[in-house]
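Biologist: I would like to learn how to read a structure like this one, beginning with single residues and ending with whole helices. Could we take it slowly, one feature at a time?

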Amino acid sequence: MSSTRVALVSGASRGLGAVIARRLAASGWTVAVNYRSGAEHAARVVDDIRRAGGAATAYAADVTDEAAVAALAGRVGAELGPVLAVVANATGPQPVVGLEELTWQNYLDQFRFFVKSPTLLTQAALPAMKEHRFGRVILIGSDMVDRAKPGWSAYAAAKAAEAELVKIWARELGPHGITVNLVAPGWIPVERHAGADTSAYRAEVPIGRMGTPDDIAGLVGYLASDAAGFVTAQRISVNGGHTIA
């Protein structure tokens, strides 16, 4: 894969995004490591990639803001090259709110990250993708859509909407050589879950273990590759079989 292909990974300073960024760089992508806060963490991801022989640069931007995304796309394009892969991974707080306390703002807060941000990022990358007749749009969803957990109405609604966008965008963009897919992780412990008791959840997973960020990054790496050129409009769960119907 040519190093002129650039992947923009949102929310890539820590957690799943950081591991995804490293995996894409190891596969030959030049990676734009996006973050909103935590510049030191983003710099560490970039340093890791460069020490391993890859290419990456960190970019601060709020990917839920129209002007910020436009500016981000302009900077990345000018400094690294055309963005031909978008991995929409950025997320925000996910409060558990029961129906009686639920507000419209609770919904909007989740839709801002999981509908608005992927839309803005994909729109910003489309001109380059269409010009090169190649593109990879990968949204990071959640298997919470399948679990019907009380208190998760707003989050699940936004994640379900995100999965429907994938189908529509795949039809719209397929003729331009652009694939659109969604990776739906189960509970993948990352830094913010330090100290959490995973035993009850793990007992429900047929594979018998918790997932790791590498499990997610591996699938993202495949979907971004040339080998996945005939895979589109898919929502793929990576949860060890936790939500077998």
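Modeller: We can begin with the word contact, which here means heavy atoms within 4.5 Å. Please keep in mind throughout that this is a predicted model.

Biologist: With that meaning in hand, which residues does Val33 touch, not counting residues up to four places away in sequence?

Modeller: Leaving out those sequence neighbours, Val33 touches Val9, Ala12, Ser13 and Ala21, then Ala42, Val45, Val46 and Ile49, and also Ala56, Thr57, Ala58 and Tyr59. Val33 also appears in the largest nonpolar core, where it is listed with Ile20, Leu24, Trp29, Val31, Val183 and Val220 as having the most contacts inside that core.

Biologist: What is the general idea behind a nonpolar core, and how many residues does the largest one have here?

Modeller: In soluble globular proteins, nonpolar side chains tend to be buried together. In this model the largest nonpolar core has 67 residues. Apart from it lies another core, made of six residues, including Phe113, Phe114, Tyr155 and Ala158.

Biologist: Is Ala32 buried or exposed?

Modeller: The cut-off to use is that a residue under 20% relative accessible area is called buried. Ala32 has a relative accessible area of 0%, and therefore it is buried. Ala32 belongs to strand S2, which covers residues 30–35, and beyond four places in sequence it touches Ala7, Leu8, Val9, Thr57, Tyr59, Val76 and Leu80. Tyr59 is also a useful example of how the chain folds back, since the C-alpha atoms of Ala32 and Tyr59 are separated by 6.7 Å although the two residues are 27 residues apart along the chain.

Biologist: How would you read three residues of one helix, say Val115, Ser117 and Arg112, which lie in helix H4?

Modeller: We can apply the accessibility cut-offs to each in turn, and then look at the neighbours. Val115 has a relative accessible area of 19%, so it is buried, and outside its sequence neighbours within four places it is in contact with Ala158, Ala161, Glu162 and Leu165. Ser117 counts as buried because its relative accessibility is 2%, and with the same neighbours within four places left aside, it is in contact with Val63, Thr64 and Arg112. Arg112 stands at 31% relative accessibility and so counts as partly exposed, while its own contacts, not counting residues up to four places away, are Thr64 and Ser117.

Biologist: How far apart in space are Arg112 and Thr91, C-alpha to C-alpha?

Modeller: They are 9.2 Å apart in space and 21 residues apart in sequence. For another pair, Val115 and Arg171, the C-alpha separation is 18 Å, with their positions 56 residues apart in sequence.

Biologist: Now for pairs of helices: at what angle do H1 and H7 pack?

Modeller: For a pair of helices one reads the angle, then the handedness, then the residues that meet. Helix H1, residues 15–26, and helix H7, residues 213–224, pack at an angle of about 45 degrees, and their axes are 9 Å apart. The two helices are therefore oblique to each other, and their crossing is right-handed. On the H1 side the contact is made by Leu16, Val19, Ile20, Arg23 and Leu24, and on the H7 side by Pro213, Asp214, Ile216, Ala217, Gly218, Val220, Gly221 and Ala224. Sorted by class, these are nine nonpolar, two polar and two charged residues.

Biologist: And how do H1 and H2 cross?

Modeller: The axes of H1 and helix H2, residues 39–51, come within 10 Å and cross at roughly 25 degrees, which means that H1 is roughly parallel to H2. This crossing is right-handed too. Ala18, Ala21, Arg22 and Ala25 of H1 make the contact with Val45, Asp48 and Ile49 of H2, and the residues divide into five nonpolar, no polar and two charged.

Biologist: Which residues of H3 meet residues of H4?

Modeller: Glu66, Val69, Leu72 and Ala73 in H3 meet Lys116, Leu120, Leu121 and Ala124 in H4. By class this contact has six nonpolar, no polar and two charged residues. The axes of H3 and H4 come within 9 Å and cross at roughly 35 degrees, and H3 passes H4 in a right-handed crossing.

Conventions. Residues numbered from 1 in each chain as written. Predicted model: local features only at pLDDT ≥ 70, side-chain atom pairs only at ≥ 80, totals over all residues. Heavy atoms only, no water. Axes fitted to C-alpha atoms, helices over the stretch in contact; angles between N-to-C directions. Helix = DSSP H or I, 4+ residues; strand = E, 2+ residues; numbered from the N terminus. Parallel < 35°, antiparallel > 145°, perpendicular 65-115°, else oblique. Left-handed = near helix turned anticlockwise from the far one by under 90°. Nonpolar A, V, L, I, M, F, W, Y, C, P; charged D, E, K, R; others polar. Buried < 20%, exposed > 50% of the residue type's maximum accessible area, 1.4 Å probe, protein only. Core = buried A, V, L, I, M, F, W, Y, C linked by side-chain atoms within 4.5 Å.
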